[in-house]
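Subject: Structure handover

Hello,

Here is the structure we talked about, with notes on what came out of it. Please look at the coordinates first and read the notes after.

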Amino acid sequence: MKIPNLPISFVDSPARRAGSALRDDTTCHASRPHRSPGTRSVREVQIKGVINKGIQELVEQRFGADVWQRVKAAAGCDEPFFATSEDYPDESTVALVRAIAGVTEIPAETVQVEFGRFWVPHTGRAAYPSFYGLAGHTPREFLRNLDRIHRQVTRSLRNAVPPRFVCEETDADAMRIHYYSQRGLCRVLEGLILGVGDLFDQELRVREIGCVHQGDDHCTMEVEF
Ligand code: HEM
């Protein structure tokens, strides 16, 4: 499976430095063109509100409502709230992550990992309790089901562009997750995997062994249980 486009990225990648990914004029403005996925240009990819909602919850819980207001202002965001299944431009998420990094002086990559780690046991669990109930009883089972979960949960969501995952069983204590996405959110993915460990009170170790931002076809995470 090959995903050739990298329309957006949170990381300071070679692609970004070449000007194809993160731009300096990203803001949170949710001008939301509703076209079918097939007709969207790379600059118009939408992401579901459950992502931005998680960013808001993380900031409010860790830093308080005042800091969230400062983050929103810095991101040029005038959304009163984020609706879970509504479309928001990927750029809005990029703008928020950047604004958090600016306001809190935490590196943007750390913000992404922390966001992913927070999202799984908090925002995701609250938004999709039935999927969590079915996803498995161990971190390994949960991660094995990632692809199925994303296909099922986005089946009924208009304009969804879900990531794809292929799990490779490498060892009794380890597995590889191959991540295919137009977005290349590998730092967020790292945090999400750690968050799956947190869900089961287990500390996982995650190492990226292949990355689209280094020219690979897709990102590959090695997970040790
Ligand atoms: C039951 C749990 C989960 C549900 C219901 C869920 C659902 C979703 C939804 C609705 C989106 C937005 C898709 C779109 O806008 O097109 C998304 C994005 C994403 N999810 Fe999940 N998710 C879950 C758990 C996880 C976990 C555990 C991981 C990784 C370990 C993960 C990785 C991602 C990534 C990386 C994205 C960003 C989109 C992209 O890369 O293209 N998700 N998820």
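In what sense do S5 and strand S6 pair, and over how many bridges? The pairing of S5 with S6 (residues 219–224) is antiparallel and runs over 5 bridges. One such bridge sets Glu-208 against Met-221 in S6. Before going further, please keep in mind that this is a predicted model.

Overall content

The protein holds 9 helices and 6 strands. Of its 225 residues, 38% are buried. Taking contacts between residues at least 6 apart in sequence, 67% join residues at least 24 apart.

The sheet

Four strands form an open sheet in the order S3-S4-S6-S5, with antiparallel pairing. The edges are taken by strand S3 (164–171) and strand S5 (205–210); each has a single partner strand, so one side of each is left without a neighbour in the sheet. On average, neighbouring strands of this sheet are turned by 25 degrees against each other, direction ignored.

The other pairings are as follows.

- S3 and S4 run antiparallel and are joined by 7 bridges. The hairpin between S3 and S4 passes through 2 residues. Within this pair, Asp-171 stands opposite Ala-174 in S4, and Glu-168 has Arg-176 in S4 as its bridge partner.
- S4 pairs with S6 in the antiparallel sense, over 6 bridges. Here His-178 stands opposite Thr-220 in S6.

Helix H9 (residues 186–199) lies across strand S4 (174–180), S5 and S6. The angle between H9 and S6 is about 20 degrees.

The nonpolar core

Which residues have the most contacts inside the largest nonpolar core? They are Leu-96, Leu-189 and Ile-193, in a core of 40 residues. At least two residues of this core come from each of helix H2 (49–63), helix H3 (65–75), helix H4 (90–104), H5, S4, H9 and S6. H9 gives the most to this core, with 7 residues.

Leu-189 can be followed in some detail. Leaving out residues up to four places away in sequence, Leu-189 touches Gly-116, Tyr-179, Cys-219 and Met-221. Met-221 is also the bridge partner of Glu-208 mentioned above.

Leu-58 is another residue to look at, and it lies in helix H2. Why does Leu-58 count as buried? Leu-58 has 21 C-beta neighbours inside 10 Å, and a residue is buried if 20 or more other C-beta atoms lie within that distance. Not counting residues up to four places away in sequence, Leu-58 touches Glu-114, Phe-115 and Phe-118. Between the C-alpha atoms of Leu-58 and Val-111 the separation is 9.8 Å, with these positions 53 residues apart along the chain.

The ligand surroundings

There are 27 residues around the ligand, and Phe-131, Ala-160, Pro-163, Ser-181 and Leu-192 come nearest. How do the residues of the shell divide by character? The shell has 20 nonpolar, 5 polar and 2 charged residues. Strand S1 (46–48), helix H5 (108–127), helix H6 (129–134), helix H8 (146–155) and H9 each supply at least two residues of this shell. H5 and H9 also each supply at least two residues of the nonpolar core described above.

Two backbone details

Two residues have a phi value to note if you set up backbone checks.

- Glu-105 has a positive phi of about 60 degrees although it is not a glycine. Glu-105 sits in the loop between H4 and H5. With 7 other C-beta atoms within 10 Å, Glu-105 is exposed.
- Asp-201 has a positive phi of about 55 degrees, and it is not a glycine either. The loop that holds Asp-201 lies between H9 and S5. Is Asp-201 buried or exposed? Asp-201 counts as exposed, with 7 C-beta neighbours inside 10 Å.

Regards

Terms used:
Residues numbered from 1 in each chain as written. Predicted model: local features only at pLDDT ≥ 70, side-chain atom pairs only at ≥ 80, totals over all residues. Pairing = 2+ DSSP bridges. Axes fitted to C-alpha atoms, helices over the stretch in contact; angles between N-to-C directions. Contact = placed C-beta atoms within 7 Å. Near = placed C-beta within 6 Å. Nonpolar A, V, L, I, M, F, W, Y, C, P; charged D, E, K, R; others polar. Core = buried A, V, L, I, M, F, W, Y, C linked by C-beta atoms within 7 Å. Buried ≥ 20, exposed ≤ 12 C-beta atoms within 10 Å, placed from the backbone.
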